[in-house]
Amino acid sequence: MKILLETSNLDTIFSKIVQHIKESQEQIYDIAEHTRAEHDNIKDELENVKKTVSQLIKRENKLRAQERAARIKLMDVSKNFNRYNEQDIKMAYDKAQKMQLELAMLQAQEQMLRKRRDNLERSLKRMQDMLDKANNMNSHLSVVFEYLSKKLPTISSSIEELHQVQKMGISIIKAQEEERKRLAREIHDGPAQLLANVVMRAEYILKLMEVNPAHVKKELVNLQELVRQSLRDVRKIIFNLRPMLLDDLGLVPAINRYIEDYTKQYGINTKFVSFGKQIRLPQAAEVSLFRIVQEALNNVQKHAQARQVMIKIEQLADKITLIIKDNGRGFNVESVEKNKGHECYGLINMRERVQILKGEFKITSAPGQGTLISLSIPVITKDCRTTGSA
């Protein structure tokens, strides 16, 4: 399962997010404009209703005064019934009744308009709240949109760096596992087999002492040689794991010693030259350069079918350069690194050691043209030295 997505996919995702935010801004803006229009319509209607209510109240007050005068007139007619004729009495009753009906109608109309006014005021408040929320949301989206638009390149770059770190970590783990397998095979085929033979020889000598003591001395000599061979193999493995010469004398003597043993063991003509003042380097740099030489020569022995190897180290004031060249069969660098096979772990391991030291690393090779490994790392002052491990 991939822990990190490819950077190109992440760029696409972030671009879509930014696009969705922009579209959401436009939609919210449309909603806000529609809400503002509704808000203005309700506000205008509310003003008209309030104006109408005010006019009704004035008419109602005026009509109430007229109705009161009509009731007073009716009361007077009722008390002085003999002073008015039938027509006057009828007119007083009709007018008083008419005024009461008109007043009741105005009051009912006013009550309806008041309810309408209250409903409009509540609707206006809701519209105002919606408008405030829309404006607030649009403001927040504008901030997010601006932030993502500016930060998108930085985010992509940071994710790419994390992706590279993850790939580097996985490659280092694979390289370490390969080294452990190689070491296990080397111990199994070397010291482990010899020690098993030592145990069998010892048991044989114990029995030989009983039946033929004269041959015991010869067998002890053979046993002694087996123990010596086992000791040589163990020392070789220890040297490969962590050459003590590297800690005691430095990089150049350790490489010289390793090349001597390498030439004797594999018969590959390997030359080593160094230029510049030989100064002790930070432990991390010495270990990394030694391991790169070791890994390169291991690749030559396994894959290159080379007859000659040239190794050159030059120590300058500001940097250290290392060149390893062989006349082997060569290979297609891009194809090998793309396939990510076992033979690529060594190349990855070398490249990543140089990257950790903030250096530059390059492999030049082609089928039938040998291989050239060149690298340089900056010189670190004593104050900046850090410890390193194999």
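Strands here are DSSP runs of E at least two residues long, numbered from the N terminus. The model is a predicted one, and a good place to start is strand β1, which spans residues 269–275 and includes Phe 275. With a relative accessibility of 43%, Phe 275 is partly exposed. Together with Val 273 and Met 310, Phe 275 makes up a nonpolar patch on the surface, covering about 240 Å².

Now for the inside. Nonpolar side chains tend to be buried together in soluble globular proteins. The largest nonpolar core in this model has 40 residues, and the members that touch the most others are Ile 311, Leu 322 and Ile 324. Quite a few elements chip in: at least two residues each come from the helices α5 (251–266), α6 (283–304), α7 (333–339) and α8 (342–356), and from the strands β2 (308–315), β3, β4 (360–365) and β5 (371–378). The top contributor is α6, which gives 11 residues.

As for Leu 322, setting aside neighbours within four places in sequence, its contacts are Leu 289, Ile 292, Val 293, Ile 311, Lys 312, Ile 313, Ile 373, Ser 374 and Leu 375. A separate core of 20 residues lies apart from the largest one, with Leu 46, Tyr 84, Met 99 and Leu 124 among its members.

Then there is Thr 321, which sits in strand β3 (residues 319–326). Thr 321 has a relative accessible area of 16%, so it counts as buried, the cut-off being under 20%. Leaving out residues up to four places away in sequence, Thr 321 touches Lys 312, Ile 313, Glu 314, Leu 375 and Ser 376.

Definitions and conventions. Residues are numbered from 1 along each chain as its sequence is written. This is a predicted model: local features need pLDDT of at least 70, side-chain atom pairs count only at pLDDT 80 or more; totals for chains, interfaces and linings use all residues. Side-chain values use heavy atoms; hydrogens and water are left out. Patches are made of residues with over 30% relative accessible area and no salt bridge: like charges are joined within 9 Å, nonpolar side chains (Val, Leu, Ile, Met, Phe, Trp, Tyr) within 5 Å. Accessible areas come from the Shrake-Rupley method with a 1.4 Å probe; for residues, only the protein chains shown count as cover. A salt bridge is a side-chain nitrogen of Lys or Arg within 4 Å of a carboxyl oxygen of Asp or Glu. Helices (H or I, at least four residues) and strands (E, at least two) are DSSP runs, numbered from the N terminus. Buried means under 20% relative accessible area, exposed over 50%, partly exposed in between (1.4 Å probe, protein chains only). Contact means heavy atoms within 4.5 Å. A nonpolar core is a set of buried Ala, Val, Leu, Ile, Met, Phe, Trp, Tyr and Cys residues joined through side-chain atoms within 4.5 Å.
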